[in-house]
Amino acid sequence: MFAQTIALFKYLMLGILSRRLLLLTLVLALLSVLVGGFFSELAIINGREIVVALVADFLRYALGLFALLVITTSVAQDYEFRQFERLLTMPLARWQYIAAQVLVIGSLCLLLVLPVLLVISLYGEWLVGLYWASALWLEIFLLGLLGMLAILSLEKIPLAVCFSIAIYLLGKLSGLISQMLAESVRLSDGSLTSRFVDFIFGAILYFLPGLESFADNDVFFGNVDLLETLSIQFSSTVIYALFLVAVCLVDFYRKEFNL
Amino acid sequence: MRRADRPIVQLPAPLVWGFMIVLFCQLLFHYSSQQQHEAAYQPLTNPLQASTYRGISMGSDQLFGYLLAIRLQLHDNQMGRHFSYNRIDYHRLVEWLEQISEINPRSEYPMLLATRVYSNTRDKEQLRLMLNFVERTFEHNPQLHWRRLTEASLLAKHRLRDLELALRIAEKLTLQPAKVVMPNWARDIHFLLLADMNEFESAIAMIQALIQSGSISDPDEKRFLESKLLDFQQKLFESQQSGKN
């Protein structure tokens, strides 16, 4: 069973790996260096810290979006070319496909963060580079799982990408939205509608990743305990990843395929 | 396989004429809006609250604070033209600097902009606003901002010619507890300004207190204080003599 899952993982991984993937990753890394170089000319002080933080954030969002596109395209192709139907005629359980996809997402994220480790270590300390690469791996992995869930459920790339980005941004901007809703409740003298919307958003927050699930960019500016920050992110990511995988399994097992 | 294009002459005439008119309108509109932008100075907008910026930053608070500071630093350069600092609304500028300091309290950037960049204005009221900002922000983190406060004191003395303000600022540095680590010269500014204001008695009392406290371990600093003490005593004596005459 384990060997079958690994074989499926290898097959799926081969479908993703290409020269274009490598080239795009390198182009993104190069672009981040150029953007960073531009800002280093502008900053009066702390130029190095600003540049490395900016490069790190640029790579975070660029690679996150890139990983999301790669993963959704890969699963969408399985739908398009009726790969699922073919796989289900083989002695394979559905969970093995999900497990293989999780391994693919993990491996893809690893490939993507390796240039990040190199770039950040070149700009700053290697320990911070190692932290950022690990934290970014966790963040992109989570985004990848979100993408997998979205494409399995929605089956269309644009819908899946938009849904995943919306959830990702909602998680990241939850603080701002909560603040706006709290302000709305205050300004409307606690009107029922405002309180209801605030309550609903509060409930939605239980299903979103919190800010602690994402890489902390402040590490580039000061004394942050890297190990503690990473361990908090790790535990938060593990719990949310397990939740996403569980939803993926439920959704995938419910799907009807015309064999 | 690439689909072949029909020649333009085969297109319906109203479509071609319509396209030409729309293209002309687009170019004209773009040109006129560009002219307007080039001519006019765009004033600073009101900043949002620091908590809102923190939310927008999506977790990268400090980086966002720095980016806002850089944006503010570039405000006087618009559409390739440099505008004089006199055109900037300094009250709004202070609001921006305060919000950026709140987003990123561990950064010196807003204070640096205040003392090194926006202090280069010829308007004394604007300069006073910058110095007040520096004075206020210093209280939040004296260890981080003592350099900027010394600069503010010198600006008040040399640019504003306001010795009272310079002295008040310098006094803040002197009154800092020993746990705020700064070089001795930063604390010395206070008695040097007192001497500039002919307050020799106070300056002498300060130096004597410093020497007697035993807190000065550096021999060069001790020598400097002793030479200043003699110098001020001499000047005090001379001023007393001239007063009698």
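Trainee: Hi! Among contacts in chain A between residues at least 6 apart in sequence, what share joins residues at least 24 apart?
Mentor: That share is 75%. Two residues are in contact if their C-beta atoms, placed from the backbone, lie within 7 Å. This is a predicted model, where local features need pLDDT of at least 70, side-chain atom pairs count only at pLDDT 80 or more, and totals for chains, interfaces and linings use all residues. Residues are numbered from 1 along each chain as its sequence is written, while chains are lettered from A and ligands numbered from 1 in the order in which they are written.

Trainee: Cool. How many helices and strands does chain A have?
Mentor: Chain A has ten helices and zero strands. These are DSSP runs numbered from the N terminus: H or I with at least four residues for helices, E with at least two for strands.

Trainee: And what part of chain A is buried?
Mentor: Of its 259 residues, 36% are buried. A residue is buried if 20 or more other C-beta atoms lie within 10 Å of its own, exposed if 12 or fewer, and partly exposed in between, with C-beta atoms placed from the backbone.

Trainee: Switching to the contact between the chains: how many residues does each one give?
Mentor: Chain A gives 21 residues and chain B gives 17 residues. On the chain A side, H3 (47-80) and H8 (174-187) each supply at least two residues. H3(A) has the largest share, with four residues.

Trainee: How confident is the predictor about the complex, in ipTM and pTM?
Mentor: The complex gets an ipTM of 0.84 and a pTM of 0.81. For chain B, the average pLDDT (the predictor's confidence in each residue, from 0 to 100) is 86, and 97% of the residues score at least 70.

Trainee: Which elements of chain B have the lowest and highest mean pLDDT?
Mentor: Helix H10 (residues 200-213) of chain B has the lowest, 78, and helix H4 (residues 90-103) of chain B has the highest, 95.

Trainee: Tell me about H10(B). Which of its residues are buried?
Mentor: They are B:Phe200, B:Ala203, B:Ile204, B:Met206, B:Ile207 and B:Leu210. Down the axis of H10(B), they fall within an arc of 160°, so they line one face of the helix. That arc is taken from the directions from the helix axis to the C-beta atoms.

Trainee: What sits on the face turned away from that buried side?
Mentor: The exposed residues B:Ala209, B:Gln212 and B:Ser213 are there. Just after H10(B), B:Gly214 takes a positive phi of about 75°.
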